[in-house]
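Q: Please take a close look at one part of this model, the pairing of its strands, and follow the residues that link one strand to the next. Then place that part within the chain as a whole.

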Amino acid sequence: MARTGTRQAAEETVMEAIVYEEFGGPEVLRLARVDDVHAGPGQIRVAVRAAGVNPVDYKIRNGWMEAAFPTPLPATPGSEFAGVVDETGEGVTGFAVGDEVLGRSATGAYAEYVLADVGAVARKPESRPWIILNSVVLPAPFGLMTPTMPLRGSVNDRSSMRTLSPKAFERFSTS
């Protein structure tokens, strides 16, 4: 259910997310039902359409980055996302429910919904359909990488597009 304006009392709801409860390789990742998130002041909640997979994600998941990125467990990996705003927090004026956006998550991007501070979000270019966003590597800070992505060559060269199987994607995103 979409909400706007002041945060309303959250119902007892859950969402699905990829989580890990200990540091380690891809074997520590699992699909879990977790508490739903709701936008606080200056935040938006976004229904995720694509999540970024970056080399730093597996380093954080392995516990190798604790000095730079302390990670309380359990954790949901991923910071970059693309999706549709479905809730706005108090004081948010630049985004509305239904806006298509790209951004950096405050809660972990491998989930049905993410929270993001409005300063870490940009509108999805209208000229870019979701299929293209799921297929390109965007410049930092929105380095989105998904299972369908250019493996070599230019993002404008469609001959370089490949669809990775889930097993191949797992190897690609964790090596």
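A: A good place to begin is Val101, whose bridge partner in strand 7 is Arg123. The model is predicted, so local features need pLDDT of at least 70 and side-chain atom pairs 80 or more, while totals for chains, interfaces and linings use all residues. Residues are numbered from 1 along each chain, and side-chain values use heavy atoms, without hydrogens or water.

The bridge between Val101 and Arg123 belongs to the antiparallel pairing of strand 5 with strand 7, residues 121–123, which extends over three bridges. Strands here are DSSP runs of type E with at least two residues, helices are runs of H or I with at least four, and both are numbered from the N terminus; two strands pair if DSSP finds at least two bridges between them.

Arg123 has a second link in this region, since its side chain is joined to that of Asp99 by a polar contact of 2.7 Å (N or O atoms within 3.5 Å; within protein, one able to donate a hydrogen and the other to accept it, with sequence neighbours counted only if both atoms are side-chain atoms). Asp99 itself is found in the loop between strand 4 and strand 5, the latter covering residues 100–104. Leaving aside residues up to four places away in sequence, Asp99 touches Gly83, Val84, Val85, Gly94 and Arg123 (heavy atoms within 4.5 Å). Among these neighbours, Val84 is placed in strand 4, which covers residues 80–88, while Arg123 is the residue that stands as bridge partner to Val101 in strand 7.

Turning to the other pairing of strand 5, one finds strand 4 alongside it in the antiparallel sense, with five bridges between the two. Within this pairing, the partner of Val84 is Glu100 in strand 5. Val84 can also be related to Val101, for the two are 17 residues apart in sequence and yet 6.1 Å apart in space, taken from C-alpha to C-alpha. Is Val84 buried, partly exposed or exposed? Val84 counts as partly exposed because its relative accessibility is 22%, given that buried means under 20% relative accessible area, exposed over 50%, and partly exposed in between (1.4 Å probe, protein chains only).

Strand 4 also pairs with strand 3, again in the antiparallel sense, and here seven bridges are found. One position in that pairing is Val46, whose partner in strand 4 is Val85; Val85 is also among the residues that Asp99 touches. Strand 3 is in turn joined to strand 6, residues 113–117, through five bridges, and these two strands likewise run antiparallel. In this pairing, Gln43 stands opposite Asp117 of strand 6. Read in order, the pairings therefore lead from strand 7 to strand 5, from strand 5 to strand 4, from strand 4 to strand 3, and from strand 3 to strand 6.

Just before strand 3 (43–51) comes the loop that follows strand 2 (30–35), and His38 has its place in that loop. His38 counts as buried because its relative accessibility is 8%. The side chain of His38 also makes a polar contact, at 3.0 Å, with the side chain of Glu87.

Several residues of this region recur in the packing of nonpolar side chains. The largest nonpolar core has 13 residues, and those with the most contacts inside it are Ile44, Val46, Phe81, Phe95, Val101 and Val121; such a core is a set of buried Ala, Val, Leu, Ile, Met, Phe, Trp, Tyr and Cys residues joined through side-chain atoms within 4.5 Å. Strand 3, strand 4 and strand 6 are the elements that give two or more residues to this core. A second core, separate from the largest one, has eight residues and includes Met15, Ala32, Ala39 and Leu115.

For the chain as a whole, the count is three helices and nine strands, arranged from the N terminus on as β-β-β-α-β-β-β-β-α-β-β-α. The protein chain has 175 residues, of which 43% count as buried. If one considers contacts between residues at least 6 apart in sequence, 61% of them join residues at least 24 apart.
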